[in-house]
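User: Please take a close look at how the helices of this model are built and how they pack against one another. A connected account would be preferred to a list.

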Amino acid sequence: MPASPSTARAINDRLALRLLQQEGPLTAGQLKQLTGLSRPSVADLVERLAAAGLIGVVGESGEQRRGPNARLYGIVADRAHLAALDVRTEGVAVLVSDLLGSVLAEASVPIGDGTDTGPAVEQAVTLVERTAKEAGVERLHTIGVGAPGLIDPATGELRDSSGLPEWHRRLAAALQERLPARVLVENETNLAALAEQRDGAAQDRDTFVLLWLGHGIGAAVVLDGTLRRGASGGTGEIGFLPVPGTSATPSATDCEGGFHSLAGAAAITELAGRYGIVAPAAPHEPYAAALVREAVARVEADVGDPLASGFLDTLAERVALGAASVVAVLDPGCLVLAGEIGGAGGEVLAARVQDRVGRMSPLPTEVRAGTLGGGAVLRGALLMARDGAQDELFAPPER
């Protein structure tokens with residue numbers, strides 16, 4: 001059955017908006033060429049979208065004659081403003097952007113382990129309000145929040161998880177109450193995978209697994225272009241994976257003795273000490289990342305360094321134990337080592353992990369270094385917020 005005129009207009013409008021989002025400003029002639037629509041149809045949709053405040057003239061094309069045909073149309077960036085939050089156990093980072101994702105302001109605040117729930121939530125919400133004010137934004141349309149823990153598939157809310165601060169779960173509701181904005185919450189590692197797929201190391205992959213190596217350890221699974229969360233939202237809780245080489249086995253409430261005990265930040269710091277690796281600490285990242293970065297620098301130096309090489313070899317063997325289990329079950333073809341530690345290891349660590357996974361599994365698997373480092377979560381939260389806002393704003397009006 002052919003679409004009704006109103007449905008056809010809505011489809012055409014969304015197509016044009018997506019093209020403007022992906023390609024940037026376009027002339028009416030370019031929209032005609034890319035959409036395959038007639039010139040009158042393009043003129044009509046441009047008029048509709050401009051009247052709705054979604055697009056506007058942003059300049060003229062230098063390749064055409066001046067005049068109406070040279071006008072460049074683009075999405076109105078200040079039609080809505082967004083915020084993205086990276087929530088960690090030790091603090092919060094936030095950025096505010098326009099509808100196209102251009103960052104207008106960003107800030108962070110540490111929140112100590114001993115901070116009570118109420119004050120911790122207040123610090124985080126106040127940070128968002130202050131950052132929005134610094135960006136000159138009066139109202140936020142959508143807020144994307146990345147946090148550790150499980151997201152309930154039924155409600156989209158952060159589930160109660162042992163070992164995580166209570167203020168994490170309270171934050172989304174507080175943001176919703178204080179700010180007239182839509183709040184979206186997602187697991188931090190899943191958001192890192194979204195960011196690496198859109199803007200980072202996995203742009204050419206629709207199936208891959210991201211291993212997050214930071215203070216903790218986790219995984220995100222993307223199969224056929226779709227993020228897989230599991231029946232309870234727990235896909236990727238790889239820190240609980242039982243592996244050889246630990247002194248115990250993990251429990252339902254504690255990942256000590258699991259993969260976390262081999263490849264988490266504390267375990268890597270202890271391993272570096274055995275090899276005599278030291279480095280100055282860097283702000284806003286686990287000390288283990290600085291140690292891995294130092295070891296990589298020594299290995300890449302002309303003289304080399306057997307202790308640094310031995311440390312990276314042992315670390316690669318540990319990471320490969322968890323990675324090989326993932327490969328055996330999912331056969332993703334590609335693993336991305338992300339997070340602050342994965343980024344610090346770069347191609348040097350990735351190559352070592354690939355070699356060791358290849359020895360343990362017959363399934364061909366490429367191992368890549370993430371390119372976004374610890375900033376992947378914040379970037380992913382922004383992408384989630386932008387997608388959510390655009391889906392709402394670009395939707396055809398209800399009749």
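Analyst: The account below begins with one helix and then turns to helix pairs. This is a predicted model, in which local features need pLDDT of at least 70, side-chain atom pairs count only at pLDDT 80 or more, and totals for chains, interfaces and linings use all residues. Residues are numbered from 1 along each chain as its sequence is written, and side-chain values use heavy atoms, with hydrogens and water left out.

Helix H10 covers residues 306-330; helices here are DSSP runs of H or I with at least four residues, numbered from the N terminus. H10 has 25 residues and spans 35 Å from its first C-alpha to its last, close to the expected 36 Å, the expectation being 1.5 Å times one less than the number of residues. Its course includes a kink of about 30° centred on leucine 321, where the bend is the angle between axes fitted to the seven residues ending at a residue and the seven starting there. At the start of H10, a side-chain oxygen of aspartate 305 lies within 3.0 Å of the backbone nitrogen of leucine 307. Just after H10, aspartate 331 adopts a positive phi of about 45°.

H10 also packs against helix H8 (residues 265-274), their axes coming within 10 Å and crossing at roughly 150°. Axes are lines fitted to C-alpha atoms, for helices over the stretch in contact, and angles run from 0 to 180 degrees between N-to-C directions. H8 and H10 are therefore roughly antiparallel, a term for angles over 145 degrees. The crossing of H8 and H10 is right-handed, meaning that the near helix is turned clockwise from the far one by less than a right angle. Ala267, Ile268, Leu271, Ala272 and Arg274 of H8 meet Phe311, Thr314, Leu315 and Arg318 of H10, contact being heavy atoms within 4.5 Å.

Helix H1 (residues 5-23) and helix H12 (residues 376-393) also cross at roughly 150°, with axes that come within 11 Å. H1 and H12 are therefore roughly antiparallel to each other, and H1 passes H12 in a right-handed crossing. Here Arg14, Arg18 and Gln21 of H1 meet Arg386, Asp387, Gln390 and Asp391 of H12.

Helix H4 (residues 117-134) and helix H5 (residues 166-178) pack at about 45°, with axes 9 Å apart. That angle makes H4 oblique to H5, oblique covering angles from 35 to 65 and from 115 to 145 degrees. The crossing of H4 and H5 is right-handed. Residues of H4 including Ala120, Ala124 and Val128 meet residues of H5 including Trp167, Leu171 and Ala174.

Methods
Helix = DSSP H or I, 4+ residues; strand = E, 2+ residues; numbered from the N terminus. Polar contact = N/O pair within 3.5 Å; in protein donor to acceptor, adjacent residues only side chain to side chain.
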